[in-house]
Amino acid sequence: MKSYLAVLRGSFMVGLVYRFGFLFSIAGNIIYMSITYFLWRSIYQNRETLRGLTFDQTYIYVALGSAVFILLKTYVDWQMSYEIREGTVATYLTKPIDLQFYELFMSLGFFLMSLGAITIPTILLLVFVFRIEIPLGLGLAIFPFSLILAYLLSFCFDYFIGLLCFYTESVWGLSITKEILVTVLSGALIPLPFFPDVIHKILLWLPFQAIYYTPLTMVAQPNLGWGTFLPMLAVQLFWVIALFTLTRLFYNQAIKVLRISGG
Amino acid sequence: MSLIHIKDLTKHFKILNRREGLSGAFRDLFSGNYRTVEAVAGVSFDIEAGEIVGYIGPNGAGKSTTIKMMTGILKPTGGMLQVNGLMPYDNRIRQAQIMGVVFGQRTQLWWDLPVIESFKILKEIYKVDQKMFDRHMDMFNELVGLKALYSQQVRTLSLGQRMLCDISASFLHNPQVVFLDEPTIGLDISIKAKIRSVIKELNREHNTTIILTTHDLGDVEALCQRIIIIDKGKILYDGDIKRVNALFGAYRTLKLQIDDFTAATLQTLTGKLTEKFGAEHGISIAETEELWTDVTIDQARTPLSDVLNFVMSNFGVDDVRIVEISMENVVRKVYDGALK
Ligand SMILES: Nc1ncnc2c1ncn2[C@@H]1O[C@H](COP(=O)(O)OP(=O)(O)OP(=O)(O)O)[C@@H](O)[C@H]1O
Ligand SMILES: [Mg+2]
C-alpha cells in the first residue's frame with residue numbers, strides 16, 4: 001500500500017509541476033461559471049421557477065455537473081495507450097507492482113489536482129460569490145462517498161479500454177465510443193427520466209448511471225432519505241466490485257498478447 | 001544450479017503484412033495476411049551468479065526480445081526459461097523484486113519530477129529500508145555524483161546524466177540480476193567510459209549478475225569475460241571473450257576524407273597500397289558515405305600506423321577517423337568461420 005501512496009504522491013507532484021495549467025484551469029472554471037450564471041439569470045428573468053426548478057437548483061446542477069464531469073475523467077485509457085505505443089509500460093511491468101493499482105493511483109494524483117483546482121473552487125464560488133443556497137440534507141453528506149465510488153467506476157471503464165489497447169495498440173475509436181456511451185447512458189447529457197420508460201428501466205440495471213446520475217441526484221435532491229440513497233450506494237458499490245474483478249480477470253488474458261514495443 | 005537457465009527458447013511474432021499508401025492502409029483494416037517473424041529461434045545458455053555477460057549481435061538479432069522474456073514482460077512461444085529457479089513471466093511481481101532493468105531507449109525515472117523523487121518512489125515500490133537506501137544513495141553519489149542532480153528535473157538531464165541515474169536506480173534494491181539493454185546508446189566516449197566503470201563497480205559491490213546488450217564492442221571488451229553472439233534469433237558464439245577479442249581486436253577501420261576525391265581516387269589508392277604493402281596486405285577499401293573512404297586493416301598483417309603514414313604522405317587528407325570494427329563485420333567474420 002505504501003508503494004502505491006508513493007505513486008499517488010508522485011503523480012500529484014507532477015500535477016503541481018504544471019502550475020500554470022493548474023492556474024489556467026481555475027481561471028477557466030471561473031469564466032465558465034460566470035457565463036453560465038448570467039445565461040441562466042437572463043433565462044429566468046422575473047420567473048421564480050422553470051419546469052419546477054428554481055434558478056438556484058438549476059444553476060447547482062449545471063455548475064456542479066460540469067465540475068463533476070471534469071473530475072471523473074481519468075484519462076487512464078489515453079495514458080495507457082500512450083504507454084503501450086511508446087513501450088514505457090515495460091518499465092512498470094518490470095517492477096513488483098500491480099498494473100491496475102499502479103494506474104489507479106497514478107490517476108488519483110490527477111483526481112486530487114482537479115478536486116483542488118475545479119471542484120472545491122466551484123463549491124466555494126457557488127456559496128460565497130454567486131450566493132447560491134445549496135440545499136442541505138443527507139444527500140449532500142453522502143455525496144463525497146458516492147463521488148469516490150463513481151470515480152472508481154469511471155476508472156474501471158477507462159482501464160478496460162486501456163487493456164483493449166493491448167490488442168489494438170490504438171485507443172482512438174475505442175475511447176470515443178466509450179465516451180459517447182458513458183456520456184449518454186450515464187445521464188451526464190440528459191437526465192435519465194427523460195429517456196423512454198423501457199430504456200430508462202434498462203439503464204438503471206447498467207453500470208453507467210452509477211457514474212454521474214447517482215452522485216448528481218444526491219446533490220440535486222438531497223432530501224430523498226436513506227430509503228433512496230442506500231440502495232443507490234449499494235448499486236454503486238456492487239458495480240465497483242464487479243468491474244474491478246472483471247477487469248482483473250481480463251488483464252490476465254490481455255497481458256498474454258501485449259507486445260512491448262521498442263528496443 | 002545456475003541463476004539463469006535457458007533451453008531452446010523461442011519467440012515468434014505474428015505480424016500483419018501492411019500494404020503501402022493510404023488505400024493500402026484502408027485495405028489492411030480487413031486484411032488477414034499475416035507472416036511470422038522468429039525473433040528468437042531456439043536459444044540456450046546458462047548464466048551463473050556474479051557474471052557480466054555481453055549479449056551482442058547486429059540490429060534485429062533478437063537481443064531485446066530475449067531480455068524482455070528474461071524480465072518477464074514477454075511470454076515465450078516455446079522452450080524453457082528460468083531465473084533463480086522460476087519462470088519470470090508466470091511470477092512477474094515476485095521476480096521483479098530480484099531484478100533491475102534499464103532499457104536504454106526509455107527511462108524508468110519520472111520525467112517531470114526532480115531526480116530524487118524517483119528514487120524515493122522506487123524505495124517504496126521495492127520496500128528498500130532506510131538504512132540500505134542511505135547506503136546505496138551514498139554509493140551512487142560517490143560513483144556518479146548523484147547528489148548534484150537530486151533537485152534537477154529528469155527531463156532536463158543530459159542523455160549521459162540520465163543514463164547514469166537510470167543505471168543507479170536499477171541497482172537501488174540490490175537485485176540479484178540487472179539487465180542493461182543498450183546502456184551506452186548515443187553517448188560520447190568519455191561518458192561511456194564513466195558508465196563502464198560504474199557498471200563494473202556496481203557488479204563488484206554485491207556480486208550482482210549483469211547481462212548487457214550493446215553495439216559498442218568497447219563496452220564488451222571493458223566489462224565482460226564472456227560474450228554471447230546472436231544473429232537472426234540463433235546463437236553464433238558463446239564463450240570466453242579472449243577468442244573473439246583476437247578477432248575483432250585485430251581489425252580497425254581508417255576513415256579518410258581525401259582532397260579532390262573522384263571515382264579514380266579509390267583505384268589509385270588501392271593500387272598504391274598493394275604496391276607498397278604487397279598483395280597479402282589484409283587491407284580492404286570501400287567508399288561508405290559521401291566523401292569518406294573506409295580502409296579496413298587487419299593489424300595482424302599490416303600495422304595501422306604504417307598505412308596511415310603512407311596515405312598521409314601520398315594523398316592530401318582533410319580528415320581522419322579511426323573506428324573499431326562494426327558488429328556487422330564481426331558477425332560476418334564469425335559466419336565465415338573465423339572462430340572455428
Ligand atoms: N512487437 C513486435 N512485433 C513484431 N516483430 C517484432 C516485435 N518486436 C521485435 N520484433 C522483431 O523481432 C526481431 C528481433 O528484434 P529485437 O528487438 O529483439 O532485436 P535486437 O537484437 O534488440 O536489435 P537492436 O540491436 O536493433 O535493438 C526483429 O526482426 C524485430 O523486427
Ligand atoms: Mg534491441
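Modeller: A contact here means heavy atoms within 4.5 Å. Please keep in mind that this is a predicted model, where local features need pLDDT of at least 70 and side-chain atom pairs count only at pLDDT 80 or more, while totals for chains, interfaces and linings use all residues. Residues are numbered from 1 along each chain as its sequence is written, chains are lettered from A and ligands numbered from 1 in the order in which they are written, and side-chain values use heavy atoms, with hydrogens and water left out.

Biologist: Then what share of the contacts in chain B with a separation of 6 or more comes from residues 24 or more positions apart?

Modeller: In chain B that share is 72%. For chain A, 78% of the contacts between residues at least 6 apart join residues at least 24 apart.

Biologist: What elements make up chain A?

Modeller: Chain A has 11 helices and 2 strands, counted as DSSP runs numbered from the N terminus (helices: H or I, at least four residues; strands: E, at least two). Starting at the N terminus, the order is α-α-β-β-α-α-α-α-α-α-α-α-α. Chain B has 12 helices and 13 strands.

Biologist: How do you know whether the radius of gyration of chain A agrees with that of a compact globule?

Modeller: The radius is taken over C-alpha atoms, and the globule rule is 2.2 Å times the number of residues to the power 0.38. For 263 residues that comes near 18 Å, and chain A has 20 Å, so the two agree. Along its principal axes, the C-alpha trace of chain A spans about 65 × 45 × 35 Å. The box for the C-alpha atoms of chain B is roughly 70 × 55 × 45 Å.

Biologist: Why is A:L163 called buried?

Modeller: Buried means under 20% relative accessible area, exposed over 50%, and partly exposed in between, using a 1.4 Å probe and protein chains only. A:L163 has 0%, so A:L163 is buried. This residue sits in helix α7 (residues 138-168) of chain A. Leaving out residues up to four places away in sequence, A:L163 touches A:M80, A:T247, A:F250, A:Y251 and A:A254. A:Q100 is 63 residues from A:L163 in sequence, and their C-alpha atoms are 9.8 Å apart.

Biologist: What makes A:S3 count as buried?

Modeller: The relative accessibility of A:S3 is 5%, which is under the 20% limit, so A:S3 counts as buried. A:S3 lies in helix α1 (residues 2-17) of chain A. Across the interface, A:S3 touches B:E124, B:I125 and B:K127.

Biologist: And how many residues of each chain are in contact with the other chain?

Modeller: There are 35 residues of chain A in contact with 35 residues of chain B. The two chains bury about 2,900 Å² between them, 60% of it on carbon and sulfur atoms; this is the accessible area (1.4 Å probe) that two parts lose on being put together, summed over both. A:T94, A:K95 and A:P96 supply 22% of the area that chain A buries against chain B, more than any other three residues.

Biologist: What part of each chain is buried, taken over its residues?

Modeller: In chain A, buried residues make up 50% of the 263 residues. In chain B, they make up 53% of 340.

Biologist: How far apart are the mean positions of the positive and negative charges in chain B?

Modeller: Lys and Arg count as positive, Asp and Glu as negative, and His and the chain ends are not counted. Each charge is placed at NZ of Lys, CZ of Arg, CG of Asp or CD of Glu. For the 40 positive and 42 negative charges of chain B, the mean positions are 7 Å apart.
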